[in-house]
Amino acid sequence: MQFEHLSASEQFARSEAFLERMRQRRSVRHFSTAPVPYDLVENAIATAGTAPSGAHQQPWTFVVVSDADTKRRIREAAEDEERASYEGRMPDQWLEALRPLGTDWRKPHIEDAPYLIVVFEQAYGMSADGRKVKHYYVKESVGIAVGLLLASLHEAGLATLTHTPSPMGFLREILDRAANERPYVLVPVGYPATDCVVPDLERKPLAEILIRR
């Protein structure tokens, strides 16, 4: 293991710089169709793959979609589910919580963004001889990996959105994934559209989320 002991000033400088970069991260729902270097996406997924996981089982699969026809099929299926949710599945309280975001069932970002990263959680593993292998702390492990994925993409100057149409089983069917893989989140990746706007939201202050004992 290699570990670099930094000076206190360097530690603080790096910490402050990273905090400032992450404060600039916003979820984007209006993407440019401008191309994105694939290497940036590949590096971000490699970064996500460094995340800690239960029993080091790394229970994740990242499917990168750029094919226009596949993105169209995903959008159509997602909008079918989202329309049903907005027009009847979601209780009024949920719709009210979403109102400040200005969202609806229409999801053009799925086709506009140059890449979609569909993250799957592996409910269980498969041994070389075809036996099921129990996985531990799957959702927690994949959640940490997705956090690193988003941070890496943002650091590379790219915009993202975490999209979870519900239910998401259509993603496994369209992308022909194995039975042990369950869709976890859909992440469009690209540059913001020139006319992109985001809601005027505030994050909770540190004093509200940090308790020191």
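# Exercises on a predicted model

The protein has a secondary structure of 8 helices and 6 strands, where helices (H or I, at least four residues) and strands (E, at least two) are DSSP runs numbered from the N terminus. This is a predicted model, in which local features need pLDDT of at least 70 and side-chain atom pairs count only at pLDDT 80 or more, while totals for chains, interfaces and linings use all residues. Residues are numbered from 1 along each chain as its sequence is written, and side-chain values use heavy atoms, with hydrogens and water left out.

## Exercise 1: the overall picture

Task: describe the order of the elements, the box that the C-alpha atoms fill, and the share of buried residues.

Solution. Step one is to read the elements from the N terminus on, which gives α-α-β-α-α-α-β-β-β-α-β-α-β-α. Step two is the box: taken along the principal axes, the C-alpha atoms fill roughly 55 × 55 × 40 Å. Step three is burial: of the 213 residues in the protein, 38% are buried, a word that stands for under 20% relative accessible area, with exposed meaning over 50% and partly exposed in between (1.4 Å probe, protein chains only). Step four turns to contacts, meaning heavy atoms within 4.5 Å: among those between residues at least 6 apart in sequence, 80% join residues at least 24 apart.

## Exercise 2: helix 1 against helix 6

Task: find at what angle helix 1 and helix 6 pack, and which residues make the contact.

Solution. Two packed helices are described by the angle between their axes and the distance between the axes. Here helix 1 (residues 8–23) and helix 6 (residues 138–155) pack at an angle of about 90 degrees, with their axes 10 Å apart; the axes are lines fitted to C-alpha atoms, for helices over the stretch in contact, and angles run from 0 to 180 degrees between N-to-C directions. Helix 1 is therefore roughly perpendicular to helix 6, given that 65 to 115 degrees counts as roughly perpendicular, under 35 as roughly parallel, over 145 as roughly antiparallel and the rest as oblique. Helix 1 contributes Phe-18, Arg-21 and Met-22 to the contact, and helix 6 contributes Ala-151, His-154 and Glu-155. By class, the residues of this contact are 3 nonpolar, 1 polar and 2 charged, where Ala, Val, Leu, Ile, Met, Phe, Trp, Tyr, Cys and Pro count as nonpolar, Asp, Glu, Lys and Arg as charged, and the others, Gly among them, as polar.

## Exercise 3: two helices and their cover

Task: compare the span of helix 6 and of helix 3 with what is expected, and state what covers their buried residues.

Solution. The expected span of a helix is 1.5 Å times one less than its number of residues. Helix 6, with 18 residues, reaches 26 Å from its first C-alpha to its last, close to the 26 Å expected. Its buried residues, including Val-142, Leu-149 and Leu-153, pack against helix 1, helix 2 (38–48), strand 1 (60–65), strand 2 (115–122), strand 5 (159–160) and strand 6. For helix 3 (residues 68–89), the 22 residues should span 32 Å, and the end C-alpha atoms are 29 Å apart, which agrees. Among the buried residues of helix 3 are Lys-71, Glu-79, Glu-81 and Glu-82, and the cover of its buried residues includes strand 1, helix 4 (92–98), helix 5 (109–112), strand 2, helix 7 (169–174) and strand 6.

## Exercise 4: Pro-188 and Thr-160

Task: decide whether Pro-188 and Thr-160 are buried or exposed, and list what each touches.

Solution. Pro-188 lies in strand 6 (residues 181–190), and because its relative accessibility is 0%, Pro-188 counts as buried. Not counting residues up to four places away in sequence, Pro-188 touches Phe-31, His-109, Ala-113, Tyr-115, Leu-116, Ala-159, Thr-160 and Leu-161. Thr-160, found in strand 5, has 4% relative accessibility and so counts as buried. With neighbours within four places left aside, the contacts of Thr-160 include Arg-26, Phe-31, Leu-150, Leu-153 and Pro-188.

## Exercise 5: backbone exceptions

Task: locate the cis peptide bond, and say where Gln-58 and Tyr-137 lie.

Solution. Most residues other than glycine have a negative phi, and most peptide bonds are trans. A cis bond joins Ser-166 and Pro-167, with omega about -5 degrees, and Pro-167 sits in the loop between strand 5 and helix 7. Gln-58, not a glycine, has a positive phi of about 50 degrees; this residue is in the loop between helix 2 and strand 1, and at 31% relative accessibility Gln-58 counts as partly exposed. Tyr-137, also not a glycine, has a positive phi of about 50 degrees and is found in the loop between strand 4 (132–134) and helix 6, where its 60% relative accessibility makes Tyr-137 count as exposed.
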